[in-house]
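Trainee: Could you take me carefully through a single part of this model, one helix and its surroundings, and then add a word on a pocket?

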Amino acid sequence: MNLVLVGPMGAGKSTIGRLLAKELRLPFIDSDKEIEERTGADIPWIFDVEGEQGFRDREQAVIEELLLDDNQLLATGGGAVMREANRAALKRGAVVVYLFASVEQQIVRTARDRNRPLLQTEDPAAVLRQLMAVRDPLYREVADIVVETDERPPRMVVQEILAQLDSRNPA
């Protein structure tokens, strides 16, 4: 079985994913990094050249392919849940952990990040609020576990995830 982290930009999927993968002795894969490696281009460039639709097509293909393997920890991009095919693949092939971060926390964590195409706008906070309104129900739809990350050290979040995984699989 695979473990997949979903959640908004700035929730800590990459940071927490690396720590959690180390604890569980699983390989860690970030779907956005995988897309960048396969295309030889960064996410903003893909958005500029192919648009969001082109990026989402690439993302769907990568997620479907990665979930064919077992025993790995996958961190998805914040918008991966927007496609029904991705949600179905996640529900079918993984235990899904939703890392919830409030919009206020997302604003703080993404303020200086220029690698987020959807936030290159006059009012990134409004974009984050709008994205969260649409995506939060989808994250919850696919999630087996929900963990809040606001103002919590990554190691504490990892410990909570491990405890919830243990309670799901008693020895």
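Mentor: What follows looks at helix α6, its packing partner and one of its residues, and then turns to a pocket. Please keep in mind throughout that this is a predicted model. Two packed helices are described by the angle between their axes and by the distance between those axes. Helix α6, which covers residues 124–142, packs with helix α4, residues 84–93, at an angle of about 30 degrees, and the two axes lie 9 Å apart. Because angles under 35 degrees count as roughly parallel, α4 and α6 are therefore roughly parallel to each other. On the α4 side the contact is made by E84, R87 and K91, which meet L138, E141 and V142 of α6, and the residues of this contact comprise 4 charged and 2 nonpolar ones, with no polar residue among them.

A125 also has its place in helix α6. Its relative accessibility is 17%, so A125 counts as buried, the cut-off for that class being under 20%. Leaving aside residues up to four places away in sequence, A125 touches V103 and I107, while V108, 17 residues apart from A125 in sequence, lies 9.7 Å from A125 in space, C-alpha to C-alpha.

As for the pocket, the second largest one has a volume of about 220 Å³. Its lining is formed by M1, N2, L3, L24, L26, N71, V95, L165, R168 and N169, and the elements that give two or more residues to this lining are β1 (2–6) and α7 (154–168). By residue class, the lining of the second largest pocket divides into 6 nonpolar, 3 polar and 1 charged.

Key. Residues are numbered from 1 along each chain as its sequence is written. This is a predicted model: local features need pLDDT of at least 70, side-chain atom pairs count only at pLDDT 80 or more; totals for chains, interfaces and linings use all residues. Side-chain values use heavy atoms; hydrogens and water are left out. Axes are lines fitted to C-alpha atoms, for helices over the stretch in contact, and angles run from 0 to 180 degrees between N-to-C directions. Helices (H or I, at least four residues) and strands (E, at least two) are DSSP runs, numbered from the N terminus. Angles under 35 degrees count as roughly parallel, over 145 as roughly antiparallel, 65 to 115 as roughly perpendicular and the rest as oblique. Contact means heavy atoms within 4.5 Å. Ala, Val, Leu, Ile, Met, Phe, Trp, Tyr, Cys and Pro count as nonpolar, Asp, Glu, Lys and Arg as charged, and the others, Gly among them, as polar. Buried means under 20% relative accessible area, exposed over 50%, partly exposed in between (1.4 Å probe, protein chains only). On a 1 Å grid over the protein atoms alone, a cavity is a set of points where a 1.4 Å probe fits but cannot get out, and a pocket is an open set with protein on both sides within 12 Å along at least five of seven lines; lining residues have an atom within 4 Å of a point. Grid points are joined across faces, edges and corners, and a volume is the space filled by probe spheres set on the points.
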